[in-house]
Amino acid sequence: MPRTKIELPHIENMSILDENGVVDKSLEPKIDADTLKTMYRYMLLARRTDERMLLMQRQGRQGTFPQSSGHEAISMGSIIHLKKSDWHVPAYRELAGMLYRGWPIETSLLYWNGFEEGARPPEGVNDLPVCVPIASQLLHAAGIGMAMNIRNDNGVVMTYFGDGASSEGDTHEAMNFASVYQAPVVFMCLNNQYAISVPIAKQMRCETIAQRAVSYGMPGIRVDGNDVLAVYQASLEAVDRARAGLGPTLVEGLTYRFTPHTTADDPKRYRSDAECDLWHKREPLARFKTYLGNKGIYSEKEFAALEEELDAVIKAAVKKSEELAQSEELTNPLAMFDNLYHDIPPYLQEQKDELKDHLASVKKKSAANQNPQKASAH
Ligand SMILES: Cc1ncc(C[n+]2csc(CCOP(=O)(O)OP(=O)(O)O)c2C)c(N)n1
């Protein structure tokens with residue numbers, strides 16, 4: 001038998017809630033009302049925050065940032081399965097999941113305004129910060145998962161990456177290591193079909209990203225990434241496998257970025273209006289809202305009250321972040337010496353002292369300029 005067929009697993013494609021909010025009853029996951037409400041709440045909170053941040057960026061009050069609108073179902077449908085003690089390793093479009101895990105909105109506003117404090121996970125939250133170097137977070141996730149195995153920790157790591165990231169070498173190394181060591185990692189791919197202006201057809205020849213799982217010896221599945229129920233079901237199975245010691249899984253969610261890549265990008269140069277219109281009709285929040293309405297989870301009045309409540313939460317967070325951005329604590333340049341070393345080395349201490357003296361003399365000079373009489377009396 002010199003030439004035989006090698007049987008390889010097939011890759012499934014799953015969709016449960018269609019773009020009109022109609023559910024496939026045979027596949028509908030059993031989710032209690034409180035969990036459905038939580039998922040919708042954080043998806044909406046992320047969407048409204050994203051929209052608010054865009055307005056602020058256009059007003060010059062917010063730095064350049066990558067929007068998350070359109071990616072809420074992948075983030076929220078999967079993160080909901082994590083326990084507090086599990087680990088979340090995001091890229092940069094997982095605002096919904098980060099808010100759910102306990103990151104205050106103001107940390108996001110601060111982070112994208114250039115304050116390192118916005119990257120600090122809140123006390124007790126097992127999340128890594130936003131990760132901009134593409135695909136590097138997947139190695140961190142694989143490492144955390146391997147450490148969990150060494151420690152006999154029954155935890156799970158959920159990590160996120162884009163279609164562009166799937167072509168990076170780091171992704172290969174992370175998936176191979178995670179699989180070889182059976183690390184409890186769930187690799188969630190947000191396939192929004194573009195890496196900035198590069199369409200997916202220009203960076204890979206295969207039909208799905210999910211099928212790459214086969215070559216790493218792990219299960220892979222593609223789901224409709226705008227269908228929160230499909231994401232929920234696929235990631236539930238992945239988390240269960242990881243927790244049972246059966247290793248990693250790759251879940252690819254097919255979605256679309258409704259916005260520019262970042263606020264500094266002009267997508268009209270590489271995407272047609274017709275394509276954008278088509279995907280807008282498939283966006284994740286509207287269909288989930290229809291589903292919740294049909295199930296009687298929320299009435300129209302309650303939907304409106306929730307929007308009002310969340311808008312007030314966002315307004316308060318904006319105020320807080322703008323106050324923090326002016327505070328002594330966040331604007332003190334001496335803080336840059338504080339968090340790199342436990343014991344600051346002598347050469348850095350010297351630089352810190354020099355800067356401290358310099359700041360004191362600048363302060364003295366500006367006080368003297370403001371009050372020349374008092375200064376000359378001394
Ligand atoms: C290692 C690295 N190379 C290049 C970049 C520049 N860069 C920023 S976003 C991006 C595209 C990422 O595309 P994808 O992974 O599909 O994620 P998306 O932004 O679409 O969510 C690139 C190349 C980077 N941040 N890091």
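## A buried arginine

Which side chain of opposite charge is nearest to R257, and how far away is it? In this predicted model, the residue in question is D265, 4.1 Å away. R257 is buried yet has no salt bridge, because a salt bridge calls for a nitrogen-to-oxygen distance within 4 Å.

R257 sits in the loop that runs between β8 (249-254) and α9 (273-280). A polar atom of the R257 side chain lies 2.9 Å from the backbone oxygen of T259. Leaving aside residues up to four places away in sequence, R257 touches S69, H71, R93, N192, Y194, I196, D265, Y270 and R271. If you have the structure open, these residues are a good way to find your bearings around R257.

## Strand β7 and its partners

Let us move on to a strand. β7 covers residues 220-224, and five of its five residues are buried. As a general point, side chains in a regular strand alternate between the two faces of the sheet. In β7, G220, R222 and D224 point one way, while I221 and V223 point the other way. Both sets are buried.

Which strands pair with β7? Strand β1 (residues 12-14) pairs with β7 in the parallel sense, over three bridges, and here E12 stands opposite I221. β8 also pairs with β7 in the parallel sense, with five bridges. In this second pairing, R222 of β7 has E252 of β8 as its bridge partner.

## Salt bridges across the chain

How many salt bridges does the structure hold? The count is 17. In general, side chains of opposite charge can pair when their charged atoms come close. Three of the pairs are described here, starting with K295 and E28, whose side chains meet at 2.9 Å, N to O. K295 lies in the loop between α10 (284-294) and α11 (300-326), and E28 in the loop between β1 and α1 (33-58), so the pair ties together parts that are 267 residues apart in sequence. K295 is partly exposed, with a relative accessible area of 41%, whereas E28 is buried at 17%. K295 and E28 also belong to a network of salt bridges that includes K25.

The next pair is R47 and E72, with a salt bridge of 2.6 Å, N to O. Because R47 lies in helix α1 and E72 in helix α2 (residues 72-79), this pair ties together parts that are 25 residues apart in sequence. R47 is buried, with a relative accessible area of 12%, and E72 is buried too, at 1%. Then there is K352 with D338, which meet at 3.1 Å, N to O. K352 is in helix α13 (residues 346-370) and D338 in the loop between α12 (328-331) and α13, with their positions 14 residues apart in sequence. D338 counts as partly exposed, its relative accessible area being 39%.

## Cysteines without a disulfide

How many disulfides does the model contain? The count comes to zero. C131 is in no disulfide, and its nearest cysteine sulfur, that of C189, is 15 Å away. C206 is likewise in no disulfide, with the sulfur of C189 again the nearest, at 11 Å. These distances rule out a bond under the rule used here, because a disulfide needs two cysteine sulfur atoms within 2.5 Å.

The surroundings of the two residues can be described as well. C131 is buried, with a relative accessible area of 10%. C206 counts as partly exposed, at 24% relative accessibility.

## Two positive phi angles

Finally, have a look at the backbone of N152 and Q193. Phi of N152 is near 55°, a positive value in a residue other than glycine. N152 has its place in the loop between α5 (136-150) and β3 (157-162).

Phi of Q193 is near 75°, again a positive value in a residue other than glycine. Q193 is found in the loop between β4 (185-191) and β5 (194-195). Is each of these residues buried or exposed? N152 is exposed, with a relative accessible area of 72%, whereas Q193 is buried, at 18%.

Technical notes:
Residues numbered from 1 in each chain as written. Predicted model: local features only at pLDDT ≥ 70, side-chain atom pairs only at ≥ 80, totals over all residues. Heavy atoms only, no water. Buried < 20%, exposed > 50% of the residue type's maximum accessible area, 1.4 Å probe, protein only. Helix = DSSP H or I, 4+ residues; strand = E, 2+ residues; numbered from the N terminus. Lys, Arg positive; Asp, Glu negative; His and termini not counted. Polar contact = N/O pair within 3.5 Å; in protein donor to acceptor, adjacent residues only side chain to side chain. Contact = heavy atoms within 4.5 Å. Pairing = 2+ DSSP bridges.
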